[in-house]
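Me: I've got a model open and I'd like to learn how to read its strand pairing and overall fold. Where do we begin?

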Amino acid sequence: MSEIALETRPDPLAGTDKSEQGDVRTEEMLVNMGPQHPATHGVLRIVLRTDGELVLEAVPHIGYLHRCAEKIGENLAPYQYIPYTDRMDYLAGMNNNQAFAIAIERLAGVEVPLRAQYIRVMFAELNRIASHLVAFGTYGLDMGAFTPFLYAFREREMILDLFESACGARLTYSYITIGGVTDDLPDRFLEVLDEFMDYFEPKIDEYNQLLSFNQIFVKRTADVGVISAEDAVRWALTGPVLRASGVNWDLRKSTPYEIYDRFDFDIPIGLPGGSEGVPRAVVVGDSWNRHIVKVWEMRQSCRIIRQAMEQMPEGPHIAAKTKNLKLPDDEIYIEIENPRGQLGFYVRGDGTQIPSRVKVRGPSFCNISVLNHIGSGCLLADIPAIVGSIDIVMGECDR
Amino acid sequence: MTQLSVPWRPRAKQQHGPMAALVAGFAKALYATFAPLVRAFPGPLLIGAIVTVIVGVWANYLVFEFVDTALVAADTNVVAETGLFGGLLAITEVRAGLIAAGVPGAGTLCYLLYPLQYGLVRDVIGAGGLLGFISVIPLYVIWWERKVAGRIQSRTGPMRVGGWHGWSQSMADGIKLICKEDLCPADADRPLFKLAPYLAFVPAILAFFALPFGTYWVFREVDVALVFILAMLGIEVLGVILAGWASNNKWSVYGAMREACQMVSYEIPMGMALLIPIMAVGTLSLTELGDTQSGGWTSWIVFRNPFTFVAAIAYYIASLANCKRAPFDLPESESELVAGFHTEYSGFRWSLFFFGEYAAMFVVSGLCVILFFGAWYSPLPMSLAESWGLGDSLIARAIKGLLFAGPLWFVGKCVFLLYVQIWIRWTLPRIRIDQVLYACIQVLLPLMMVVLMGHTLYELFVPTHGLVWSIFNIILSLIGAVAVLGMIFIATYGFWNRVGLVGSLGVETLPGS
Amino acid sequence: MIEQRQTKNSFLIVGLVLAACASSASAQYPTPENRPARAAESELNAEESVVTSTVAPNSAVEAALFYLFGGTLLVSALGVCVTKSVVRMATWLFGALGAAAVLYFLMGAAFLGAIQLIVYAGGTLILIVFGVMLTSKSPWVRFDCPRIEMWAAGGVVGVLFVALTTLLIGTQWPTLSAAAHPATIAEFGKELLTTYLVPFEVGSVLLLVVMIGAAHLARQEN
């Protein structure tokens, strides 16, 4: 299959001048990067057509983690399907729960209590931080820096402790559910969260010192895998990848869901080199910008969490009737801002409890499609830099 | 049901050769004997071990120096007369020599030291000691690397095996590696695949045979020791490249090719950096190079003039590339090439690569110490020892050895440089192959050319110990002192002011309780 | 099919290390017969030095080592001829050159031996890289040549062998007196920069020309 796919694609160097190719046209080699490879973040397989260290073409092949997640959704009641959404983007379970919950609530007309909405936003943002921490750490690992990974996981463990205290799970939470959240916050939760935020916010500077502004790291990532704003929009990229290309688009601001319009926060976008302390070699839309946008987003998430903690109202944590909901004969498509981009759920009801169609728009799936576009003509070592900066989760990509 | 035959499934029963069983059994017995002891008395044993090492080193040193004195005093041209393995010296001659040297109790000593008269006996003892040292160094450098990495990453590193801070973790790993299956891919070039680890390991060991640990502490005094060691480091690369090629794995070939181009380019600035101390002293013999730096801190070649200072830094960078340590660990960069050249290796053969790598790390650090950082001399000048009037007694020699010069200082400095290598590895990301070559060809190479030329002119036209010379010497020595003291201060400060993790995040009451 | 066999490598390591000990042991006791400077003269024709050293091996052990490594050299050289895989060929070549270096060490020409190792290790490395590049199409490309070429090459080599052997046997090689001390590297350097300055410089210029030529060839046409 891969050979056929490769044959039908044009040679990226075909149009270039002969002198740029060098005198000797050397032998090309097909290399399988993955599905078992340390830099592919799961079971992604990239077929590389290489000329020495130069990558002529990088074709992503997906589907190794396909578990029929959408089909399962068409056989279960929505509240039963919530645990399956966890398993899609397993690094951002809260956000996935939230997206599906909102879709069902809008479809079935469930009113979510205000406290539940605050808790949801707080947990979604905490999970965004946790997810970006993994992205940050593994990106360092891709670049050969081991220590940032451990630092990021140290802090992520604390977030997971908080999650565990609230819902008992550390990875697949199923905490945000139809109509609210499964349990109210435990005692002292906000106190401990406050302690964590005080600890965590200075750590972001530490990460930047250690990795983001390290000269070697900047050299490795600046001007690598550049996606222009037009390309980003054309390839339907979303999330930090889109914003790193300089497009100011975030669903939390543009079409606020839940109660995001009540908070004051900024949308970090990719900056050109030389501005606001950004290294000179950086261009808008390169891997460095994709990395730093995530780090800056962590800071904005902290702001949102602090505001949510201040405004946290009292009240019930879940709507009165959430189970045995009859879904109307109607359809809905909603998108929310997942750590990786816009996660969309399309749900069609047919008057029974079980939706007749569930379709997911996964940000990783759409974002990875750009790999061949930006991965052609770079060096072999840039492929991990690009894949890592796009920050995919194969569970959600393959579903 | 038909039984499917899975071609790649390993056979259920592992076969162990007698040698492996012997080695593993020995190691297990050793572990079983010593682990409880170490668990029971960690502190006293540690102090005891250090004292034993120091006493042993000095006892050994004195014996060898004594034999040397005796042989010289016997007024016999050993080199010319004894041939390859040192023929037997007439015992009477030795006795006469000892008495002439004024050694008390010469007669008895003579008989005690009888076997040492044979060159072969001395060689076997020396080689045994050296091999022991070489096998222990990687084990403990690996353990230490893991501890340092743990501290850097706010972990603890190995803590369990052996009881005290996981002191025998590397030994346990070694036993595991010996007992592991020895795999060879079906499509590999089998003879080369099996040869490659030895080609990577043996030269690294051989390099130690010409590396002096002290004035009398060298297995073979070769007057071209430096060239010999460089040649051995070059052969080690050959093993790596053969391993990459013979594995018949595309990632391995990538690793091998990276190693080849990295090595071929970095050998040049490295060699040029090494030329600078050679030019300053005028010999290729490492012992002589080291002995010129006996005048304390300021006489170290690194502080001799600005050019040697730059050359020392350049050498250190090039040596990192040479023994493929981060940020130059491209041949085995696991995020790009799975494991690079050793992707297909397992068990004992795999561990040979690592023994080779850590031995090479020690060798390049040793070269750096000998050529730039005062070899086996302490920062105190030897003239201070003379002025104390200690005399020549055994105690005086031991004091001199501990305070002023000796293999312990050499090993200590090497370990410090190893520590810097580890520190760099666990801090910096890896650089890309084009940047590796750019840094070498566009930066290091021109820099070293300028430095080489500048150093030549400096040595020719600036009078040694003149005003200009002294000013530069003092300024550079101060910079070095401040740098080292600053490092120590920062490390101590950081250690005492460690920031703990936030207090318990556990929540008192869980929901629903 | 995966081979599953227990490692029996320890013997080999011990053997190699012992061989290495022995070879470096010999480096310490240079034999007076062969001064490095003289060996350097005949650098291009390693066989000559080999032959002279057989005149008077000064001990049985040394003779044994000489024959061991001489034999290694011959076997490796034969290996280069009969192997058909490029990389294996390069490995055999490395074996031959390494054995030659050990012979230099045996003769007390430590500098020459070390230089031999450092230069030819690098040279073999490049050879392997070229081998890999040339054989990238299939992993184990084999070099087969027409039978007639083999016979022709064999003939030329045979004639060369007979001629050289006759020459070596016929020549009265001067032996140095035992009183002559082994040359130090300093003396070697002085000789190189005084007596043999012109050949040395000519060699340097030649290398420079090669370097410039290579750079020119590698340069991309604008």
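Reply: Let's start with one residue pair. Keep in mind that this is a predicted model. In strand pairing, look for who faces whom: A:L54 sits opposite A:L379, a residue of β9(A).

Me: Which strands does that belong to, and how many bridges join them?

Reply: β3(A) is joined to strand β9 (residues 378-379) of chain A by 2 bridges, and the two run antiparallel. Two strands count as paired when at least two bridges are found between them.

Me: What other partner does β3 of chain A have, and in which sense do they pair, parallel or antiparallel?

Reply: Strand β2 (residues 45-51) of chain A pairs with strand β3 (residues 54-61) of chain A over 7 bridges, in the antiparallel sense. For a landmark, find A:V47, which stands opposite A:V59 in β3(A).

Me: How many residues lie between β2(A) and β3(A)?

Reply: There are 2 residues between them, and the two strands form a hairpin. Check the backbone angles in the turn too: A:G52 has a positive phi of about 65 degrees.

Me: Okay, zooming out. What's in the whole chain?

Reply: Chain A has 17 helices and 9 strands. Its C-alpha atoms fill a box of roughly 75 × 45 × 35 Å along the principal axes.

Me: How does the radius of gyration of chain A fit a compact globule?

Reply: Compare it with what the chain length suggests. For 399 residues a compact globule would come out near 21 Å, and chain A has 22 Å, so the two agree.

Me: And what about burial and contacts?

Reply: 52% of the 399 residues of chain A count as buried. Taking contacts between residues at least 6 apart in sequence, 71% join residues at least 24 apart.

Methods:
Residues numbered from 1 in each chain as written. Chains lettered and ligands numbered in written order. Predicted model: local features only at pLDDT ≥ 70, side-chain atom pairs only at ≥ 80, totals over all residues. Helix = DSSP H or I, 4+ residues; strand = E, 2+ residues; numbered from the N terminus. Rg over C-alpha atoms; globule rule 2.2 N^0.38 Å. Buried ≥ 20, exposed ≤ 12 C-beta atoms within 10 Å, placed from the backbone. Contact = placed C-beta atoms within 7 Å.
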